[in-house]
Amino acid sequence: MSTSPPATKFKAGRTFSMAAQLKKGKAAEKDFMERYGMSALDRTDGRKGDFRIKWSRAVLELKADFYDSKNLFIERWSVLPTEERPEGKPGGPWQSAANGTAYFVYWMTMQDELFVFEPSKLAAYIDNCGKKFRTVHVRNKGYTTMGYVVPQDLFKVSADIADKGIYLGSSLDKILLFTP
């Protein structure tokens, strides 16, 4: 008997538009900048992160979701590996870690709740225990994205995660307002 949670099946006819998702993401970046970082952040070109912290020059990657949920969708693959594309394209904290991004910030916009992570530590944690999380496959035009459904409470109440420096809290104060 398998202890792994079942993978989510595709919903027939549901295909996401990258252009529509990109538009929502750009709007969220603008809102985030206005709400949290006008004096502390600079925008980047978006290739290896979304914002640069002015005083430290550290790069921050923003992930915004637009629904009310008690879970986070931690994207493992922006483009799931296939026979045609065996290398795939890492997503979420794996992509941020590969790009040298200092912070991976997940913003649940409807709840206005932030989750601040150190990306390489979050990726390693999920690699080590990802089988206990349900996987979700999201069909896009020409490729599939895959990620894990991770309960928000895991980060809020787990001392183990806080002690390992994976979850840095729900406030940007430590990374934006500290004066060196």
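**Note on the predicted model: helix 3, two sheets and selected residues**

1. Helix 3, which spans residues 119-129, has as its buried residues Pro119, Leu122, Ala123, Tyr125, Ile126 and Cys129. Because they cover an arc of only 160 degrees around the axis, these residues fall on the same side of helix 3. The model under discussion is predicted, and the points below should be read accordingly.

2. As to overall composition, the protein contains 6 helices and 10 strands. Of its 180 residues, 42% are buried. Among contacts with a separation of 6 or more, 60% link residues that stand 24 or more positions apart. The accessible surface amounts to about 10,500 Å², and carbon and sulfur atoms account for 53% of that area.

3. One sheet is open and built of 6 strands, in the order 1-2-3-6-7-10, with mixed pairing. Its edges are occupied by strand 1 (41-43) and strand 10 (167-169), each of which pairs on one side only. From one strand to the next, the twist averages 30 degrees.

4. At the strand 1 edge of this sheet, strand 1 is joined to strand 2 (residues 51-53) by 3 bridges, and the two run antiparallel. Within this pair, Leu41 stands opposite Ile53 of strand 2.

5. Strand 6 (residues 103-108) merits separate attention. How many of its residues are buried? The count is 6 of 6, and the strand is accordingly described as mostly covered. The cover extends to both faces: Tyr103, Val105 and Trp107 are buried on one side, while Phe104, Tyr106 and Met108 are buried on the other.

6. The two neighbours of strand 6 in the strand order are strand 3 and strand 7. Strand 3 (residues 59-65) runs parallel to strand 6 and is joined to it by 6 bridges. In this pairing, Ala64 has Trp107 of strand 6 as its bridge partner. Trp107 is also one of the buried residues on the face that holds Tyr103 and Val105.

7. Strand 7 (residues 113-117), by contrast, runs antiparallel to strand 6, with 5 bridges between them. Here the bridge partner of Tyr106 is Phe115 in strand 7. Tyr106 itself belongs to the buried face shared with Phe104 and Met108. Strands 6 and 7 make a hairpin with 4 residues between them.

8. Two residues call for a check of backbone geometry. Most residues other than glycine have a negative phi. Asp112, in the loop between strand 6 and strand 7, is not a glycine, yet has a positive phi of about 50 degrees. Asp112 is partly exposed, its relative accessible area being 30%. Arg57, found in the loop between strand 2 and strand 3, likewise has a positive phi, near 70 degrees. Its relative accessible area is 46%, so Arg57 also ranks as partly exposed.

9. A second open sheet consists of 4 strands in the order 5-4-9-8, with antiparallel pairing. Strand 5 (89-90) and strand 8 (134-140) stand at its edges; each has a single partner strand, so one side of each is left without a neighbour in the sheet.

10. Within the second sheet, strand 4 (residues 71-79) and strand 9 (residues 143-151) run antiparallel and are joined by 6 bridges. Phe73 stands opposite Val149 of strand 9.

11. Finally, Glu29 deserves comment. Is this residue of helix 1 (residues 18-37) buried or exposed? Its relative accessible area is 9%, which is under the 20% cut-off, and Glu29 is therefore buried. Which side chain does Glu29 meet in a polar contact of 2.6 Å? The partner is the side chain of Arg43. Beyond its neighbours within four places in sequence, Glu29 is in contact with Arg43, Asp50, Phe51 and Leu62. Of these, Arg43 lies within strand 1 (41-43), an edge strand of the sheet treated in point 3. Phe51 lies in strand 2 (residues 51-53), and Leu62 in strand 3 (residues 59-65).

Terms used
Residues numbered from 1 in each chain as written. Predicted model: local features only at pLDDT ≥ 70, side-chain atom pairs only at ≥ 80, totals over all residues. Heavy atoms only, no water. Pairing = 2+ DSSP bridges. Buried < 20%, exposed > 50% of the residue type's maximum accessible area, 1.4 Å probe, protein only. Polar contact = N/O pair within 3.5 Å; in protein donor to acceptor, adjacent residues only side chain to side chain. Contact = heavy atoms within 4.5 Å. Areas by Shrake-Rupley, 256 points an atom, 1.4 Å probe, with all protein chains shown as cover. Axes fitted to C-alpha atoms, helices over the stretch in contact; angles between N-to-C directions. Arc of directions from axis to C-beta.
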